[in-house]
Amino acid sequence: MNSMTGYGYRELVNDNTQVSVEIRSVNSRFLDLTINLPPYLNQLESRFRKLVTEKVVRGKVDIFIHVRDNNSNATVSADTQAALMYRDAIAKVAESLGLKSDDIPLGLIIQQEGVLSVSRDYDVESYWKKIEPVFVDAMDQLLADRAREGENLRRDLLSKLDVLDGCALFFKEWQPKMDAKFRETITKKFAELLGDRVDEKKILEETASMLVKYTINEEIIRLQSHLEAMRKEITDDPVPGKRLDFICQEANREINTIGSKNQFTEVGAMVVNAKDALENIREQSKNVE
């Protein structure tokens, strides 16, 4: 089990090229991946994306890749014809304003668009070989961070599941008392309405018929089944987050029904405990991959 929250960072200088990779991940319902690369390396994005999707299923993952190359491979070219045209145009402006055009600053001319241009020849494959090992190390750190937090989440989820197992057993123990209380209530109501005309057989038939609707036996069975499925997800499924959230909804439905049929304060208190434990599991499942 992995948390969706993690962090990884690695930095390395290789052949006068400094590479740093920072990876952050937080909760998200699906995989939301953003990769920030220098523009001249954008064609490598699909490769980095593949490395992430092979290891990460859920989470908002932001990746920042910075490259600083101390070996300059820049080529600077000058368009002298453009420079002459700019000089003549600036001179005309100066003359129209009554200014001298003899000493036009060189800096003013070369800063004009197109006079000087810089081009770089980027060997993308060479950069890939330098960045990939740094990226993999950062990913490994991120995954280790998510796994470490995931283990903490797993222990917490199992402890809350133990509480729910105890609640289910409590409901099962109190079910006969709840059924008996229901029979007693029905008998009293018949007696109040019919007095001496009470037909014991009729009461038993009506009570049995209504118990089918008001007993909590089926809810207990379904609740225990949901808890068993939840424990299996936590222990066996490496990415149980979505499934856990769904099972919590189903289990919550059974607990609510038990609460609606309850007539004892003790059972009511246990319903509150069960809902609290279940809500904790549901909230934690949002942190689980």
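A polar contact, as I use the term here, is a pair of N or O atoms within 3.5 Å, and within protein one must be able to donate a hydrogen and the other to accept it. I wanted that written down before opening Thr215. The model I am looking at is predicted.

**Thr215 and its partners**

I started in the loop between α5 (200-214) and α6, where Thr215 lies. Its side chain makes a polar contact with the side chain of Asp179 at 3.2 Å. I also found the side chain of Gln175 in polar contact with the side chain of Thr215, at 3.4 Å. Both pairs pass because the limit is 3.5 Å. Buried or exposed, I asked of Thr215? Thr215 comes out at 16% relative accessibility, so I put it down as buried. Leaving aside neighbours within four places in sequence, I get Gln175, Asp179 and Lys261 as the contacts of Thr215.

**Glu219, by way of Lys261**

Lys261 turned up again when I went to Glu219, which is in helix α6. The side chains of Glu219 and Lys261 are joined by a polar contact of 3.0 Å. With neighbours within four places in sequence set aside, Glu219 touches Glu254, Thr257, Ile258 and Lys261. I have Glu219 down as buried, with a relative accessible area of 6%.

**Asp237, in the next loop**

Next I looked at the loop between α6 and α7, which holds Asp237. At a relative accessible area of 23%, Asp237 is partly exposed. A polar atom of its side chain lies 3.0 Å from the backbone nitrogen of Val239. How far is Asp237 from Met1 in space, C-alpha to C-alpha? I read 7.3 Å, for two residues that are 236 apart in sequence.

**Whole chain**

I stepped back to get the layout. I count eight helices and six strands in the secondary structure. From the N terminus on, the elements run β-β-β-α-β-β-α-α-β-α-α-α-α-α. The chain has 289 residues, and 34% of them count as buried. Its accessible surface comes to about 17100 Å², with 51% of that belonging to carbon and sulfur atoms. Among contacts with a separation of 6 or more, 81% are between residues 24 or more positions apart.

**Cores**

In soluble globular proteins, nonpolar side chains tend to be buried together. I went looking for where that happens here. The largest nonpolar core has 33 residues, and Leu164, Phe171, Leu223, Met230, Ile234 and Val267 touch the most other members. Which helices each supply at least two residues of this core? I noted α4, α6 (217-236), α7 (241-261) and α8 (265-285). The most comes from α4, which gives 11 residues.

I picked Leu164 for a closer look. Beyond its neighbours within four places in sequence, Leu164 is in contact with Leu227, Ile255, Ala274, Ala277, Leu278 and Ile281. There is also a second, separate core of 24 residues, and Ile23, Val52, Val67 and Ala138 are among its members.

**Rings and charges**

I then went through the aromatic pairs and got six. In one of them, Phe48 and Trp128, the ring centres are 5.1 Å apart and the planes are at 55°, so I call the pair tilted. This pair links distant parts of the chain: Phe48 belongs to helix α1 (residues 45-53) and Trp128 to helix α4 (residues 124-194), with their positions 80 residues apart. Phe48 is buried at a relative accessible area of 0%, and Trp128 counts as buried too, at 12% relative accessibility.

Trp128 has a charge to deal with as well: the charged end of Arg47 sits over its ring, 5.1 Å from the centre. I found another such arrangement at Tyr127, where the charged end of Lys130 sits over the ring at 5.7 Å from its centre. Elsewhere, Phe170, Phe171, Trp174 and Phe264 form one aromatic cluster. I had already met Phe171 in the list of residues that touch the most other members of the largest core.

**Ser96, last stop**

I finished at Ser96, which lies in helix α2 (residues 80-96). Ser96 is at 61% relative accessibility, so I marked it as exposed. What does its side chain reach? I traced it to the backbone oxygen of Val93, at 2.6 Å.

Terms used: Residues are numbered from 1 along each chain as its sequence is written. This is a predicted model: local features need pLDDT of at least 70, side-chain atom pairs count only at pLDDT 80 or more; totals for chains, interfaces and linings use all residues. Side-chain values use heavy atoms; hydrogens and water are left out. Helices (H or I, at least four residues) and strands (E, at least two) are DSSP runs, numbered from the N terminus. Buried means under 20% relative accessible area, exposed over 50%, partly exposed in between (1.4 Å probe, protein chains only). Rings of Phe, Tyr and Trp (its six-membered ring) pair if their centres lie within 6.5 Å; planes under 30 degrees apart count as stacked, over 60 as edge-to-face and the rest as tilted. A charge sits over a ring if NZ of Lys or CZ of Arg is within 6 Å of the ring centre and within 35 degrees of the ring normal. A nonpolar core is a set of buried Ala, Val, Leu, Ile, Met, Phe, Trp, Tyr and Cys residues joined through side-chain atoms within 4.5 Å. Contact means heavy atoms within 4.5 Å. Accessible areas come from the Shrake-Rupley method with a 1.4 Å probe; for residues, only the protein chains shown count as cover.
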